[in-house]
Amino acid sequence: MELSDSMLLQVNNGEQWCNRGKQPSDDSDRSSSLSVLHCVSSTWKEGLLNRKRPFVGRCCHSCTPQSRERLFNLSIPSLGLRNVIYINETHTRQRGWLARRLSYVLFVTERDVHKDMFTRNIVDNVLNNSRLESAIEDVATDSEPAAGQLGQEHKDVSKVKRKARAVLQDMVANISPVFIRLTGWVLLRLFNGFFWSIQIHKGQMEMVKKAATEQNVPMVFLPVHKSHIDYLLITLILFCHNIKAPHIAAGNNLNIPILSTLIRKLGGFFIRRKMEETGDGKKDVLYRSLLHAYTEELLRQQQFLEVYLEGTRSRSGKPSPARAGMLSIVVDTLCTGAITDVLVVPVGISYDRIIEGNYNSEQLGKPKKNESLWGIACGVFRMLRKNYGCVRVDFNQPFSLKEYLDTQRNRHIPPPVSLEHTLVPTIISTQPDALPYEGQGEEQQDRELPDEIFRRQIINNLAKHVIFTANKSSAIMSTHIIACLLLYRHRRGVVLSKLVEDFFNMKEEILSRDFDLGFSGNSEDVVMRALHLLGNCVNVTSSANRNGEFTIAPSQTVPALFELNFYSNGLFHVFISDAIIACSILALQRELVVESESDPQPSSPNSPNSLLLSQERLIRKAAGLSHFLINEVAVAPPCQTIYQVFLDAVTRLIQYGVLYVAEEDQEEMSPSPTEEPWPKKFPEPLSWRSDEEDEDSDFGEEQRDRYLKVSISAEHQDFFIFLQRLLSPVLEAYSGAAIFVHSLSQPMAESEYTQRLFRYLLTRTERGVAVYGESATHYLVKNTVSTFKELGVLKQRRENQVTTVELSSTFLPQANRNKLLQYILGFTLL
């Protein structure tokens, strides 16, 4: 049942709901109690309760070391948080009774926004762009190839130019300072109605404002995308801090009457969600050139841009793969010398509860509803009747794009390697036909990349780096923690006092990993508010035989599980490397048991937890799993090696006591002579050694292989299982897809195959076959199809504008499909 307002009020009134036999205590007293997270890390985090919040959002010390020091000073982290929507007379220049009554109006009118800040003669300047003029001539020539008369050619050019002007006028923004002020006042009032707070870090904003006023170069804001409110949030926050409104790249699905006018006046310009092709199958050269010229002109006039690299709102709660189209235009503009530099600002956004409520209709396979003015009006009306908790926006430290590109040019960037080339040899022990990149063989791996491939690789790495940084800086909200605990720690229910205890310990664990929290206050109050926000997703009951405590359990309906999974994914990235190691330990233990059973001279039977685990072998296995789940989450930015990420995870689990080094067995054990060394087991992207590493360093000696054991302590086993459960829904979806692929006997339209797979997984959930109901979400289904295509399980063809899939020759034999299933199940907690 839904948590009622009266139950929430009991906490706020200070009633002793937690345990009638105990006196109310603050969070500092709770640290002495046992829990899955506290037990494994209490010694490592000694004194953590007195630490300050971590300051998140610093730019990469490896890729942009100069930018990292340029805008930062030691006082910035101590500036603290601010609630943007809380305005009083102290935020204005006036004082007194009237100023208090009109504080919002005074605040808005005192903001520094005027017409001279924004573009001038934008349409004419774009149409006079040399690149666009060349494209117009090419399009005119292609449209009338037989026209030989000079007058006819001019007529065709004029026709194409008129078309270009019409397309451009339908694209461009038309920012109105007056409308921005009015919208600022409206949003401050509205947001106070359905958000408790919108928090920003004043130190982060100090760096952004300093960059905006002193650097004299354009800025590009690159936020994660979780809600339609994202656009308004960024513009409102910048407006409140006297930073000019950015031009926002908005999808043309929002280009609807009345709304489109409002969006343009706030800085939105409309782009196609896909670069559509012309009727004859050729790419729309004119549109691409228009978009490139318009973006270039905006940057030339030192306008700020806001681009959502994911392209669409995340339906999973995790970042979607980056689409680098708009980013490539920014990079090209810089590389051609049209501008001297660009400052890039990743932005993390976290919601207690998104205003869309959930994406369950889409996750249940229903088509996305097109945006409409009526739908938006109804949405606003619904919003006014609810409260959506807190919002946290984190502006990362601006970094120089020029510095980033210069750094990348001085590094060896390996060629892109397909997932098929990386993993299929491991899965079925045979070399796939796929090459590292088209037209190149394995002997080309150490050679310089062709210029165009090198350029694409740098841009793709930049996009991945930005998404990773923005997601890492996003604060963890209370609903994220509660949803995660209910799904993967207390799926069968838990008393409220135990839930509060585990909530406290998990938030301390999150802080210890240098992630920030989007809430504050007493844990009991925060937990009750989070349960209230999750609403019908949780069942709250009162049990007389438990001293009157409430029992909390996740609702087992499919929509509720989908929604809880969405919010739980908000902290997926916090534990992902540890979770992959935990699942890899499970797979390695199973392999060792099989090897011991096939040994002609078997030793005494051992339990899996008593087995010696080679650290090198464990990390190899973890690297393979991380690449297999490449469409689910990124474990590291492109500049960081996978080996180091998983070595850190192993070290952390040793510090927790979950793993320990079996020192007494080190001398007895030696690597198998048949075991391939790490660099040969996987291609270069999986190698751990950095190209900048000194050949004479003692890195190899320090990182020699060691052997590990898993602790059999109950508390450590609980944490170990918790980490494995985090990945279990994902692995269950992939194993279900590996089973379903047996039914693909002939080519099938990809859309039909995806829909059938979704119905199969959903049926497994509804019949109780699936352990994790959230494994049937539509986004997971689409990700499995994408992964199987990249892995070479499915072969894609496009005929008559229809994409079909069929089994590849490698996976036509049933034995190979079975090996794929066994590979996935090896990591899965059964």
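Is Glu-752 buried, partly exposed or exposed, and what is its relative accessible area? In this predicted model, Glu-752 is partly exposed, because its relative accessible area of 35% falls between the limits of 20% for buried and 50% for exposed residues. Its salt-bridge partner is Arg-756, and the closest N and O atoms of the two are 2.7 Å apart. Arg-756 is partly exposed as well, with a relative accessible area of 43%. Both residues belong to helix α31, which covers residues 750-766, and they sit 4 residues apart, or about one turn of the helix.

Salt bridges also form networks here. Through shared partners, Arg-53, Arg-392, Asp-394 and Asp-516 are joined into one network of salt bridges. One of the contacts between these residues is the bridge from Asp-516 to Arg-392, with an N to O distance of 2.8 Å. This pair links distant parts of the chain, as the two residues are 124 residues apart. Asp-516 is found in the loop between α22 (496-512) and α23 (523-534), while Arg-392 is part of strand β8 (residues 390-395). Asp-516 and Arg-392 are both buried.

In total, the structure contains 30 salt bridges. Another of them brings together the side chains of Glu-563 and Arg-353, at 2.9 Å from N to O. Glu-563 comes from helix α24 (residues 558-568) and Arg-353 from the loop between β7 (343-351) and α16 (360-363), so this bridge ties together parts of the chain that lie 210 residues apart in sequence. Glu-563 and Arg-353 are both buried.

Charged residues also gather on the surface. A patch of positive charge is made up of Arg-273, Lys-274, Arg-323 and Arg-798. Within this group, Arg-323 is located in the loop between β6 (305-306) and α15 (325-335). Its relative accessibility is 48%, so Arg-323 counts as partly exposed, just as the 50% limit for exposed residues requires. A patch of the opposite sign, negative, is formed by Glu-133, Glu-137, Asp-138 and Asp-142. Glu-133 is in helix α8, which spans residues 130-143, and is partly exposed with a relative accessible area of 32%.

The surface has a nonpolar patch too. Trp-97, Leu-98, Leu-102, Val-105, Leu-182, Trp-185 and Val-186 make up this patch and together offer about 660 Å² of accessible area. Two elements, α5 (97-101) and α10 (177-194), each give two or more residues to the patch. The biggest share comes from α10, with 3 residues. Val-186 lies in that helix, α10, and counts as partly exposed at 31% relative accessibility.

Finally, the cysteines can be considered. A disulfide is a covalent bond between the sulfur atoms of two cysteines. A search of the whole structure finds 0 disulfides. Cys-59 takes part in none, as the nearest cysteine sulfur, in Cys-60, is 7.7 Å away. Why does Cys-60 form no bond with the closest cysteine sulfur, in Cys-639? The distance between the two sulfurs is 3.6 Å, which is too far for a bond because a disulfide needs the pair to be within 2.5 Å. Both neighbors in sequence are hidden from the surface by the cut-off of under 20%: Cys-59 counts as buried at 4% relative accessibility, and Cys-60 is buried with a relative accessible area of 17%.

Note on methods: Residues numbered from 1 in each chain as written. Predicted model: local features only at pLDDT ≥ 70, side-chain atom pairs only at ≥ 80, totals over all residues. Heavy atoms only, no water. Patch = residues over 30% accessible without salt bridge, like charges linked within 9 Å, V, L, I, M, F, W, Y side chains within 5 Å. Areas by Shrake-Rupley, 256 points an atom, 1.4 Å probe, with all protein chains shown as cover. Salt bridge = Lys/Arg side-chain N within 4 Å of Asp/Glu carboxyl O. Lys, Arg positive; Asp, Glu negative; His and termini not counted. Charge placed at Lys NZ, Arg CZ, Asp CG, Glu CD. Buried < 20%, exposed > 50% of the residue type's maximum accessible area, 1.4 Å probe, protein only.
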